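Please open the structure in a viewer and keep the selection tool at hand. The tour below proposes what to select next and describes what is found there.

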Amino acid sequence: MHASVFPRLHVITDSLDVVRGAAQPGVAVQIRVKTTDAQAWALTVAAVRLCREAGALCLVNDRVGVALAAGADGVHVGADDLPVEAVRRVLGPDAVVGATCRTPEAARTAVAAGASYLGVGPAFPTSTKDGLPPPLGPEGVAAVAAAVPGTPVVAIGGITAERLPLPGVHGVAAVSAFVADPKGAVAQFLAVLS
């Protein structure tokens with residue numbers, strides 16, 4: 001997917017209510033479920049249907065098998081998940097494959113292995129996920145983005161509309177910003193990103 005059409009806003013959720021409110025063109029919904037594969041699959045099947053109807057991209061966090069079985073557009077993998085080249089081999093050349101990176105070297109390696117886009121962070125302090133390394137800050141995220149020109153870089157971690165825009169990044173991903181009012185939050189983020 002060419003960088004110019006790749007979604008600038010990634011909404012990470014395990015809620016179909018959030019998917020319903022957030023799914024629209026210009027948005028990628030990333031399903032992140034911490035329970036069983038069966039529950040992740042059931043949620044993803046429903047999310048894929050909602051995203052297709054709304055013109056949004058539907059990705060799955062970590063679980064390549066769930067993404068494949070549910071017919072999602074792709075997957076996002078972190079350092080402890082399957083390597084990018086293995087994911088690419090399983091999902092094929094047309095799937096969206098995102099990879100988490102924190103350094104320019106890791107970014108170049110992931111893109112060489114077949115990553116479609118990179119999730120870079122945490123950009124700011126966040127309490128959404130435990131055990132994260134220290135925040136990179138806007139400069140650190142921009143340095144990673146500069147290492148992979150032409151590849152969309154999505155900043156994640158402590159992202160709020162008030163902290164945007166961020167230099168050098170294609171887009172942003174957020175979790176908690178969309179819980180209370182997904183539709184309103186998406187509109188606010190897209191307005192700042194456009």
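Begin by selecting Cys58, which counts as buried because its relative accessibility is 1%. The model is a predicted one. Next, add Cys51 to the selection: the sulfur of Cys58 lies 4.2 Å from that of Cys51, its closest cysteine sulfur, and this is too far for a bond. A disulfide is a covalent bond between the sulfur atoms of two cysteines. The structure holds zero disulfides, and Cys51 accordingly takes part in no disulfide, with the sulfur of Cys58 as the nearest cysteine sulfur.

**Around Cys51**

Remain with Cys51, which is found in helix α2. Is Cys51 buried or exposed? With a relative accessibility of 1%, Cys51 counts as buried. Show the residues around it: leaving out residues up to four places away in sequence, Cys51 touches Val19, Ala23, Val29, Ala56, Leu57 and Cys58. For a sense of distance, select Val11 as well; Val11 and Cys51 are 40 residues apart along the chain, and their C-alpha atoms are separated by 12 Å.

**The barrel**

Now display the strands. Eight of them form a closed barrel in the order β1-β2-β3-β4-β5-β6-β7-β8, with parallel pairing. On average, neighbouring strands of this sheet are turned by 25° against each other, direction ignored. Helix α7, residues 182-193, packs on the sheet and touches β1 (9-13), β2 (27-31) and β8 (171-174). The direction of α7 makes about 155° with that of β1.

For one pair of strands in detail, select residues 74-77, which are β4, and residues 96-101, which are β5. Over how many bridges do β4 and β5 pair? They pair in the parallel sense over four bridges. Strands of a sheet pair through backbone hydrogen bonds, either parallel or antiparallel. Among the residues to highlight here is Gly74, whose bridge partner in β5 is Val96.

Move on to Gly119, which lies in strand β6. At 6% relative accessibility, Gly119 counts as buried. Setting aside neighbours within four places in sequence, Gly119 is in contact with His76, Ala99, Thr100, Cys101 and Val154. A C-alpha to C-alpha distance of 18 Å separates Gly119 from Val33, and the two are 86 residues apart in sequence.

**Three helices in turn**

Select helix α4, residues 84-91. Its buried residues are Val84, Ala86, Val87, Arg88 and Leu91. These pack against α3 (64-70), β4, β5 and α5. Just after α4 comes Gly92, which takes a positive phi of about 90°.

Then select helix α5, residues 104-113, in which Ala107, Ala110 and Ala113 are buried. Viewed down the axis of α5, the buried residues fall within an arc of 130°, so they line one face of the helix. An α-helix has 3.6 residues a turn, so residues three or four places apart point the same way. Turn to the face of α5 directed away from the buried side: it carries the exposed residues Thr109 and Ala112. What do the buried residues of α5 pack against? Their partners are α4, β5, β6 (117-120) and α6 (137-146). Gly114 follows α5 and has a positive phi, near 120°.

Continue to helix α6, whose buried residues are Gly137, Val141, Val144 and Ala145. Seen down the axis of α6, these also lie within an arc of 130°, so they line one face of the helix. Glu139 and Ala146 are exposed on the other side of α6. The cover over the buried residues of α6 includes α5, β6 and β7 (153-156).

**The nonpolar cores**

Finally, select Leu9, Leu118, Ile159, Val172, Phe178 and Phe189. Of the 58 residues in the largest nonpolar core, these six touch the most other members. Helix α2, residues 37-54, gives the most to this core, with six residues. Centre the view on Phe189: apart from neighbours within four places in sequence, Phe189 is in contact with Leu9, Ile159, Thr160, Ala161, Leu164, Val172, Ala174, Ala177 and Phe178. The last stop is a second, separate core of nine residues, which includes Phe6, Ala28, Leu57 and Leu59.

Technical notes: Residues numbered from 1 in each chain as written. Predicted model: local features only at pLDDT ≥ 70, side-chain atom pairs only at ≥ 80, totals over all residues. Heavy atoms only, no water. Pairing = 2+ DSSP bridges. Helix = DSSP H or I, 4+ residues; strand = E, 2+ residues; numbered from the N terminus. Axes fitted to C-alpha atoms, helices over the stretch in contact; angles between N-to-C directions. Contact = heavy atoms within 4.5 Å. Buried < 20%, exposed > 50% of the residue type's maximum accessible area, 1.4 Å probe, protein only. Arc of directions from axis to C-beta. Core = buried A, V, L, I, M, F, W, Y, C linked by side-chain atoms within 4.5 Å. Disulfide = S-S within 2.5 Å.
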